[in-house]
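The exercises below ask you to read a fold from its model, and each task is followed by a solution that goes step by step. Please try each task on the structure before reading its solution.

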Amino acid sequence: MSEFVSVEDINARLAVPVGPEQHDRVRVLISDAVELLRLEFSRVGRDFDNEVEFTDWVGPTARRVVRDMVSAAVIIGGNVGARQVSSTTGPMADSITYADVSSVSFAGIKLLDSHREALGLPIDATPRGWFPRPACWPEWRW
């Protein structure tokens, strides 16, 4: 797999593209994201590279997830965990509040539950679905 997601893929989707000085960081974040996906697939007994190649929906979904993970890390960057950022210089004031501060970690990328769900990975260990009530013992009936 030569290049799963490119820096140009990320830049094309950002409102303010990163400059050439940030391209190396973006490449590292892409590599980290793909490595994390391989790890998470492996943890549940699945082969990431095989599924990307032979399952129609896994490749496009994984590329979307990687773009989302990397874009969040690039946009939030050093402001991870910030709920509000304010700047006042003379008569000018700027203020930013992040609505979703849990989408990145201090290390850069984070695989969210919504990403796991899109990739068909388990989110938690609780059963999902509807199960009938177990049969009662005859002596418990009234």
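A residue counts as buried when its relative accessible area is under 20%, as exposed when that area is over 50%, and as partly exposed in between. The model used throughout is a predicted one.

**Exercise 1. Describe the overall fold of the protein: which secondary structure elements does it have, and in what pattern?**

Step one is to count the elements, which come to five helices and two strands. Step two is to read them along the sequence, where the pattern is α-α-α-α-β-β-α. Step three is to ask how the chain is packed: buried residues make up 34% of the 142 residues, and among the contacts with a separation of 6 or more, 61% join residues 24 or more positions apart.

**Exercise 2. Compare the span of helix 2 with its expected span, and work out where around helix 2 its buried residues lie.**

Begin with the length: helix 2 runs over residues 23-43, and its 21 residues at 1.5 Å a residue should span 30 Å, which agrees with the 30 Å between its end C-alpha atoms. Next, list the buried residues of helix 2, which are His23, Val26, Leu29, Ile30, Ala33, Val34, Leu37, Glu40 and Phe41. Because these residues cover an arc of only 130 degrees around the axis, they lie on the same side of helix 2. On the other side of helix 2, Asp24, Glu35, Ser42 and Arg43 are exposed. Finally, look for what covers the buried residues of helix 2, which includes helix 1 (7-13), helix 3 (48-54), helix 4 (58-76) and helix 5 (113-119). After helix 2 comes Gly45, with a positive phi near 80 degrees.

**Exercise 3. Classify His23, Arg116 and Ala118 as buried, partly exposed or exposed, and find their contacts.**

Take His23 of helix 2 as the starting point: its relative accessible area is 18%, so His23 is buried. Leaving aside neighbours within four places in sequence, His23 is in contact with Val7, Asn11 and Val18.

Turn then to Arg116 in helix 5, which has a relative accessibility of 13% and therefore counts as buried. With neighbours within four places in sequence again left aside, Arg116 is in contact with Glu40, Leu111, Leu121, Pro122 and Ile123; of these partners, Glu40 is one of the buried residues of helix 2.

Ala118 also lies in helix 5, but at 26% relative accessibility Ala118 counts as partly exposed. Ala118 touches Trp57, Thr61 and Arg64, not counting residues up to four places away in sequence. Ala118 and Val58 are 60 residues apart in sequence, yet their C-alpha atoms are 8.9 Å apart in space.

**Exercise 4. Decide why helix 4 can be called largely enclosed, and examine the lining of the largest pocket.**

First, helix 4 has 19 residues and reaches 27 Å from its first C-alpha to its last, close to the 27 Å expected. Second, 14 of those 19 residues are buried, so helix 4 is largely enclosed by the rest of the structure. Third, helix 4 is followed by Gly77, whose phi is positive, near 50 degrees.

Gly77 leads on to the largest pocket, which is lined by Leu14, Ala15, Val16, Pro17, Val18, Gln22, Arg25, Val74, Ile75 and Gly77. This pocket holds about 200 Å³ of space, and its lining, sorted by class, has seven nonpolar, two polar and one charged residues.

Conventions:
Residues numbered from 1 in each chain as written. Predicted model: local features only at pLDDT ≥ 70, side-chain atom pairs only at ≥ 80, totals over all residues. Heavy atoms only, no water. 1 Å grid on protein atoms, 1.4 Å probe; cavity = no way out; pocket = protein on both sides within 12 Å on 5 of 7 lines; lining within 4 Å. Points joined across faces, edges and corners; volume = space filled by probe spheres on them. Nonpolar A, V, L, I, M, F, W, Y, C, P; charged D, E, K, R; others polar. Helix = DSSP H or I, 4+ residues; strand = E, 2+ residues; numbered from the N terminus. Expected span 1.5 Å × (residues − 1). Buried < 20%, exposed > 50% of the residue type's maximum accessible area, 1.4 Å probe, protein only. Arc of directions from axis to C-beta. Contact = heavy atoms within 4.5 Å.
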